[in-house]
Amino acid sequence: MNTNVSKQLDDLFRVWDNGLCPGAQVLIRQHGETVYEKCFGYGKVQFTRDYTG
């Protein structure tokens, strides 16, 4: 996956980093290979603990 697509995905899911909703984990696989994997937001919103997946 090229860096431009990765940046676009980061920007799209950055909404979860503002602490207003629970976190999310994103995994994209192509032809059996992981091409993008990242966690966003918080696992526990009330305690602002980062989401680790």
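How much area does the protein chain expose, and what share of it do carbon and sulfur atoms supply? In this predicted model, the exposed area comes to about 4100 Å², with carbon and sulfur atoms supplying 50% of it.

## Overall layout

Let's start with the fold. The protein chain has 1 helix and 4 strands, and reading from the N terminus the order is α-β-β-β-β.

As for burial, 19% of the 53 residues in the protein chain count as buried. Take the contacts between residues at least 6 apart in sequence: 33% of these join residues at least 24 apart.

## S6, on the helix

S6 sits in helix 1, which covers residues 3-13. Is S6 buried or exposed? S6 has a relative accessible area of 19%, and because the cut-off for buried is under 20%, S6 counts as buried.

Who does S6 touch, once its neighbours within four places in sequence are left aside? The partners are M1 and Y36. Y36 falls within strand 2, which spans 33-40, so this is a case where helix 1, home of S6, meets strand 2 through the S6 contact with Y36.

## H31, in a loop

Now for the backbone. Most residues other than glycine have a negative phi. H31 goes the other way: its phi is positive, about 55°, although H31 is not a glycine.

Where is H31 placed? H31 lies in the loop between strand 1 (24-30) and strand 2 (33-40). With a relative accessible area of 78%, H31 is exposed, since exposed means over 50%.

Conventions. Residues are numbered from 1 along each chain as its sequence is written. This is a predicted model: local features need pLDDT of at least 70, side-chain atom pairs count only at pLDDT 80 or more; totals for chains, interfaces and linings use all residues. Side-chain values use heavy atoms; hydrogens and water are left out. Helices (H or I, at least four residues) and strands (E, at least two) are DSSP runs, numbered from the N terminus. Buried means under 20% relative accessible area, exposed over 50%, partly exposed in between (1.4 Å probe, protein chains only). Contact means heavy atoms within 4.5 Å. Accessible areas come from the Shrake-Rupley method with a 1.4 Å probe; for residues, only the protein chains shown count as cover.
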